[in-house]
Amino acid sequence: MECSNDELRFAKAIEDVAPPPHDILFGLTNSCNHRCIFCQYRRAIPKPTHLSIEKVIDCLKQAYELGVRECGFGLIDEPFMSEILEDCILQAKKIGFEYVWFNTNGALAIKSRMEKLFINGLNSIKFSIGAGIAETYKKIHGKNDFDKVIQNVKDCSVLRKQINPNAKIFVSFAENSMNKSEGVILENLLRDFVDKIYIVKAVNQGGGMYDEVNNGIVYKEEKLWSRYKIINTICPYPFKRINITAHGYLSACCVDMKNELIVADLNKISLAEAWNSEKMQRIRTYLLNNNMPQNVKCYNCINNTNHEILPI
C-alpha cells in the first residue's frame, strides 16, 4: 500500500529534526466552570493559572515562523474563563494565522463576548454539549446550564450572520452510557443554527478515565486509528500539534491534565528547540516503534490500563 504524504511526513519524525507542526493549541487557563463526567478535569481541579497575552503572542510568532497557519485555544480548560481570549484571536489574525478556532462548553458565551470574537476574526467555534435534555445535561456537565447554552448557540448563530457570515459554528456531542439516545434530540434542537453536529464516543481521555471505562460510562479507546496503520502509530498529535499549557510548557498531549507529558519549558527555550527536544523525540520514537513504556501516560491511554505514571 502506498503511503500518504502525511504518513511519510510522520515516519520521518524519528530523525533528529521533526517535520514542522500543523497547528498550535493553547491552554489560556487551566480552569473550567463545568465538571463533565467524560473529562479528566473533575478529577484534578488544579490551582488556577493563566497564560499572559505576551507569552501567547511570543509563541504565536515563533509558531508562524515554523510554518504553522492554524491556531486553537483550549486544552482541558474553558477558554471563556480567560480574560484575554478575544485579544488572542485578534493577535493571531494580525500575525497571519489563516484559521483560528476554539472549543467551549458555551455557558459563558454571552452576546457581548461573541460579538467581539467575530469582529476580531474568529474562524470557527465548537460547542461541547453532552445531552439533549436539561435533566441529563446536569448529570453529565455537573451544572444546570442546558437552556442557557442552547440559547447561547442560537444567539451566536444570529451574530455570526450579522458580523462574520464565513465563520463556522459546530457542536460536539460526546456520547456515553448516560446520554446515548440524546444525540438525535440535540440535532433536532440545533440543526438550523449550526454548520455541523459531531456525535463522537467519549473514550478514555488521555488515559485518565480508567474507572469510567471499567464502569461502562465511557467507551474503550480503539488500539489503532486505521488512518495511521502504515506507520504503526495510534496517535498523531506529538507529530503534528504544538500544545502549550497555561504554565507556558510544551506538552506532547492536548489532554495532559497533570503535566505528565511536559517536554520543555517555553519560558526557557525556543519553540523550535522544544519541538525537536530529546523528550519530544523520545515520545515520537515510542509511538512509531510501538514500544511505549508502561510508566508513560500514553501507555494507559493506548491500552486502557491504570499503571502508575511518571513524568516523561
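Modeller: In counting charges, Lys and Arg are taken as positive and Asp and Glu as negative, while His and the chain ends are left out. The structure discussed here is a predicted model.

Biologist: How far apart do the centres of the positive and negative side chains lie in the chain?

Modeller: The chain carries 39 positive and 36 negative side chains. When the centre of each of these two sets is located, the distance that separates the centres is 2 Å.

Biologist: Why is the chain described as being as compact as a globular protein of its length?

Modeller: The chain, whose secondary structure comes to 13 helices and nine strands, has 312 residues, for which the globule rule gives 20 Å. The chain is as compact as a globular protein of that length because its radius of gyration is close to that value, at 19 Å.

Biologist: What share of the contacts between residues at least 6 apart in sequence join residues at least 24 apart?

Modeller: Of the 312 residues, 55% count as buried. Among the contacts in the chain that link residues at least 6 apart in sequence, the share joining residues at least 24 apart is 71%.

Biologist: Within what arc do the buried residues of helix 6 fall?

Modeller: Helix 6, which spans residues 134–141, has Thr 136, Tyr 137, Ile 140 and His 141 as buried residues. Seen down the axis of helix 6, these residues are confined in direction, so they line one face of the helix, within an arc of 115°.

Biologist: Which residues are exposed on the other side of helix 6?

Modeller: The buried residues of helix 6 are covered by elements including strand 4 (124–128) and helix 7 (146–163). On the other side of helix 6, the exposed residues are Glu 135 and Lys 139.

Biologist: Which residue just after helix 4 takes a positive phi?

Modeller: Helix 4 covers residues 85–95, and its buried residues include Leu 85, Cys 88 and Ile 89. Among the elements that cover them are helix 3 (53–65) and helix 5 (111–119). Just after helix 4, a positive phi of about 125° is taken by Gly 96.

Biologist: Is Asn 304 buried or exposed?

Modeller: Most residues other than glycine have a negative phi. Asn 304, in the segment after helix 13 (297–303), has a positive phi near 55°. Since buried means under 20% relative accessible area, and the value for Asn 304 is 12%, Asn 304 is buried.

Note on methods
Residues numbered from 1 in each chain as written. Predicted model: local features only at pLDDT ≥ 70, side-chain atom pairs only at ≥ 80, totals over all residues. Heavy atoms only, no water. Helix = DSSP H or I, 4+ residues; strand = E, 2+ residues; numbered from the N terminus. Rg over C-alpha atoms; globule rule 2.2 N^0.38 Å. Buried < 20%, exposed > 50% of the residue type's maximum accessible area, 1.4 Å probe, protein only. Contact = heavy atoms within 4.5 Å. Charge placed at Lys NZ, Arg CZ, Asp CG, Glu CD. Arc of directions from axis to C-beta.
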